[in-house]
Structure formats: C-alpha cells, structure tokens
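Welcome! Open the structure in your viewer and keep the selection tool at hand.

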Amino acid sequence: MTASEAKQQHSSLYLEVCSQNEEPRLPLHTSIVLFLFSYCECKTFKVFLVSNKPTSSEPLRSQLPVSLDASDIQLEALPQLVKGCRLPAVLDETGSLCRAGLAVVLRHIINKTIEADPSRNDVLALLGFKKTCLKACAEVSKWTRLCEIGIPSAVEEHLRNPTDQYQQLPLSILTLERRLAEPVKVHNDDKIRRQKLQEQRQNEKNEPPESQGNLDSESKPGQVCDGLELRAALAKLSVDSVPALTTRENSEIRKVKTTDLPPLEHVFAEGLYFTLTDVVLLPCIYQYLCSLRTHAASTLHHLPHLLRWYSRVQEVPGVLRAAKACGILLSDTRVPTSGLPEPSAEDNPATLLLQEEGQEVTTQLPFVGGPRPTITKLKENGIESVFAPHPCPSWTLPWDSLPGAINPTEGKMSNIRAVRKMQQLNNLVAMVAELARPGYTIVDFCSGTGHVGIVLAHTLPDCQVILIENKEESLVRAQSRSTQLGLKNIGFIQANLDYFTGPFQIGVALHACGVATDMVMEHCIQAGAAFVISPCCYGFIQNAVKFKFPKSKQFEETLTYKEHMILCRFADQTAIQLPPERRLIGKQCMGLVDLDRSWAAETHGYSVRVMTMEPESCSPKNNMLVGRPPQKSGHEVIAREVEAPVHN
C-alpha cells in the first residue's frame, strides 16, 4: 500500500443492529452515534452495521443519514479486537487500536471532525469546559453512568415492556429531572450570577438594564423575563460574535456575598451550554416521549424541567437538521411546557426518587481518629496483615540487551524514577511469566503508555497481549512505541473496563488507582483469569456501583464501612519522606485492605497471594496481589501444577 493510499483509508465504525419481532431495529446507542454523526456532518469513517444474523439494513434506511456510507456485517465476521468489545466501536486504519463504548466513540467522532475541519467550533464546544464532557468513566462517575448507561438502558427497557410503566417513571428519568431542577454550577459563575442580580434589581425598578446588550445585542422588550441563562446559552450558540462586557457592576452589586447571589438555572443538561450530554439524551428522551403519546398528561406533569430542556435543545442550530436526517421527527413530540398540572408535594420528582430508591440520601461523616483502634479491633478478631514470600526476589529482565523503546530510561521520567519503574516491571513480568502458557491472551488493564504490556509482548512472543486504557493520549503513545519495536502480538483498546468482553487468561495492572484494582479483579474473576495486580491510591477507595467495602465476610463482620475507610486513608501514608513508624502503620493498613480483597476473591475459588515487590524501595505502593483461578479439568490441573520456567 502506498503512503497516499494509506492516508485515504478511513477508520471503521461498528454500530449494532438488533431485531424486534424479526425486524431489524437500531438500539438507542446506535441512534445516538448516528445523530452525532449527522450533527457533525462527519465523513471520516467507513460505517458497518453489525447484526448477529443475516439481515439487510435496507428497512432502516430512513433512520440513516443519506450521506452515510454504510455496509452490513455479521457478528462473526468482525475483526478480533472489535469482537472482544461492546459496540459501538471504532477500529483505526492500522487495525491494532480499537475504541469502544458510547462516550469514547462519541468523543472520538468529535475529535476527528475537528481534525478534518478546525473551523467547526460548534462541534468543539460539545466537549464542554476543558474538553471533559463525559470523559470520566462510568464506573466512577455517577453522571457519566446516568447519561451513558442509565437513561439509554431505562428507555430501552421501557420500550420493551411498556405495560404499567406509564404510572411509574423510570428511576434514571427521575434522577435527570432532579438534576435539571438543581442550581447550575459552572466555571467562573460569580460573574454571571452578579449580572443576574443586577438585572433582577433593575427589573424590579422597571428600569432598562444597563448591561442587557452584553449577552444579546438585539434584545427585545421583555426579554429579561426569558432569563439571563437562556440568553447566555443562545448567545454562545450564535455564529455572530458576542459583545464583550462593557460595564462593571455597581459597587452595591460587587459587595454582595457569593452565598447571597441568585442561583443559575439549567438551560441544557450540564448547565448553560449545549454539550455532548445533550446529544446523548435527545434520542433517548425522544423515544421515551414517543411511547407516552396517549398518556402524556398523566405522566409528564412530573417532568417540567425535562420538558423545558427538550424544547430548548430543539432551538440549537443544526439539531433539527441532524435529527430529521436520522428519522427523529422532533415535531411529532412537541409537548407544551405550560398548562400541565403541577406535581403535588407527595409526588414531586425528589419524593418519587427517594421512594423508588427506598432510602434517604445521607452525607458521609468526616474521618475521626487514627488507624490504631481499627488495627487493634481486627487483631482481637484474629485478623492481621500477612505477606507471602516473594518466589523470585532477585529475578530481573535483561535490561541491557532489550531494545531502547522498551526501557523506561528512554522516556521522559528521571533516572531514579526509571530505575524504580524497571524494578516494578521485574516483579510483574516474573509473576506473569510464571502463570503464562503459549497461546494465552494477557490483558494489561489501565495500561497507560504501555510499560507493562509492551515488555510482556516482547518477553512472551507466544502470547497475545492487549492493552486497555481510557486515556487516548497514553494509548496512542503506547501504540507508537509498539510500532517502533515491530511487535505483532499486541493490540490496543481505548475503553472503560466494562466495555471489554473478550476472553483472556491473565489480567495484569501496575498501580491501578483506588477501586480500579477491584474492577480489574472483578473482571478477571468473571473471565476465570489469573491476575497480577499492584494496587495504588488506597485513599480513593469508596463504595461504588459494583463494590461495597469491606468486601470479605470476615472484614464485614468486624469493621464498619467508616472503619474500613480509615484503613484505606492511612494505607496511603507510606511515602519515603514520612517517619518510619508512620510508614510501618501505612504498610500494615495496605496489607489489611489487600487481605480483605484477597479473601473476597477466594470465595470464588481463587488462590491469592499478597506479597511485597522486591526491593521494597521500588515504590511506596509495593504490594502485589497474585491470584490463580480455581482448577477445572485434569489437563489444566497438570498444567498449573507444573511451574513454568521464568522467561529470560
């Protein structure tokens, strides 16, 4: 292939097609991607519609943009990397880097659109403040989880089983309604809030506001009633330049305390400005409203803020065009935002939400005291941190003979840090090599720039190595290093952990922060895979959607959640600058937190060792958890009982 031909190649975008009553149907996450595709007028991808049985997308043509270059493909014909991920997914031109998951794919489409046409500021604005819109992974961000998973899943379930759901609003829809009713928190909002206060006071005096032209140079009489927030939002969407602020607030306004300033109201889902979140929600709410056409009055009076949002999104330039191109006929679901009965105190969204959750919202109390009482309490119940001996404490990779692109000293880190990184890699590679067999797939979770995965791919050429990371910049850099080395047994996936569904035999993670360690362990247990994990950032551990702490029965019967969090907090106090006694307590806490994790894994039949990396000075976070899955069959038992030689 010539360089020009390679340049003309497009990435491949894979979108799911499902079936309902033997007819093909687009699931919501596919409709969302197509809507963004149409809004961006993107032409950068070759699109494949993926079905699990032979079918044609021709009946879906009205829901596909006319300019879309789409082909049908069956599930079994997907490239291997894509086959191991949940759709939607994008495979790059090289075929070695796959991006999977709704938020990751949507953000990638935006970035490729801007790359092709840097003048598309309206598309760039979708990424929000500091380009962070829906960037946090759904496993740790409740907001991302609500928008990326919660609402699409709830609407899909509602469409499948609509019976009796007209009287019971989906929990995620109620959560969104409550969020839209809350005051907006935006960057540098004091300035806007002071301007809002000035307008309010001037309006009370029936005087024309001095700064009315600051956000809308063509304001009409009575427009103050439309709200400063709405005018600010529409001004940003305008193609015309917005006049700069020309007058300062008067001294009386400047002296008002921040806490006394009026709150800002939502215009769009994340506040004042139209973002990717609105793009995700619009097809979902459209489908939901379509299903309620004959029950609107009895249901929608619970959702006044959601209806107002739905109406305002349609005022955004390009939205109606993009929606129509995807068969989303917004005019069919226009709902009046006035005239609906007000919800009573008993059935307002907040009350309904608490009733459906069956619990009250509580504020976590601050930490009080130190770890000693908690450690003593565990000891009195026969629980102490125990570290297994390291099986090969002096083993090392042949660093002097390895290619430069593998060695951490070739990177941007200092020499001291590079030496420590090499020592950490010695430990992980030794443990993985002990577990590995030819033909195994090894997954480097939270891979960063690929220090672990690239060494493993080079050291174990008979194994396939997959690097999974949700930060695009890190993964692209890892791919570049791999290309320099000419590695053929390596693949890259930009995704959150939950979007990787492929089979594998060993999972590895170096310094997986907070609950990322628990996510990796859970993923390995579900796959029946061994794991080698070095935890980090114990202080970030907290209850999550999938995990409650303590995790093991023994710890749960002894400690409260708050006491366990005290252990996690003090487990982070192992830095070399701290006094030796405090570091020793920190190491004890690390050992206890990881003991709880190992006991939880053992309930699934795993054999787990908690050990210390050698030398201990290689990292303040020097714990390592090595887990073997339960033995299943005779030949597997023999294979596991015979220790594999460590690869040099």
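This short tour visits one residue, then the helix around it and a neighbouring helix. Keep in mind that you are looking at a predicted model.

**Stop 1: Lys587.** Select helix 23, which covers residues 580-602, and pick out Lys587 within it. Is this lysine buried or exposed? Lys587 has a relative accessibility of 15%, and it counts as buried because the cut-off is under 20%.

**Stop 2: the surroundings of Lys587.** Now add Phe387, Thr574, Thr612, Asn622 and Asn623 to your selection. These are the residues in contact with Lys587 once neighbours within four places in sequence are set aside.

Zoom in on Asn622. Its side chain forms a polar contact with the side chain of Lys587, at 2.6 Å. Along the chain Lys587 and Asn622 are 35 residues apart, while their C-alpha atoms are separated by 8.9 Å.

**Stop 3: helix 16 against helix 23.** Next, show helix 16, residues 372-380, together with helix 23. How do the two helices pack? Their axes lie 11 Å apart and make an angle of about 50 degrees, so the pair is oblique. The crossing of helix 16 past helix 23 is left-handed.

To see who makes this contact, colour Arg372, Ile375 and Leu378 on helix 16, then Glu581, Ile585, Gln588, Cys589 and Leu592 on helix 23. Colouring by residue type, you will find 5 nonpolar, 1 polar and 2 charged residues in the contact of helix 16 with helix 23.

Terms used:
Residues are numbered from 1 along each chain as its sequence is written. This is a predicted model: local features need pLDDT of at least 70, side-chain atom pairs count only at pLDDT 80 or more; totals for chains, interfaces and linings use all residues. Side-chain values use heavy atoms; hydrogens and water are left out. Helices (H or I, at least four residues) and strands (E, at least two) are DSSP runs, numbered from the N terminus. Buried means under 20% relative accessible area, exposed over 50%, partly exposed in between (1.4 Å probe, protein chains only). Contact means heavy atoms within 4.5 Å. A polar contact is a pair of N or O atoms within 3.5 Å; within protein, one must be able to donate a hydrogen and the other to accept it, and residues adjacent in sequence count only if both atoms are side-chain atoms. Axes are lines fitted to C-alpha atoms, for helices over the stretch in contact, and angles run from 0 to 180 degrees between N-to-C directions. Angles under 35 degrees count as roughly parallel, over 145 as roughly antiparallel, 65 to 115 as roughly perpendicular and the rest as oblique. A crossing is left-handed if the near helix is turned anticlockwise from the far one by less than a right angle, and right-handed if clockwise. Ala, Val, Leu, Ile, Met, Phe, Trp, Tyr, Cys and Pro count as nonpolar, Asp, Glu, Lys and Arg as charged, and the others, Gly among them, as polar.
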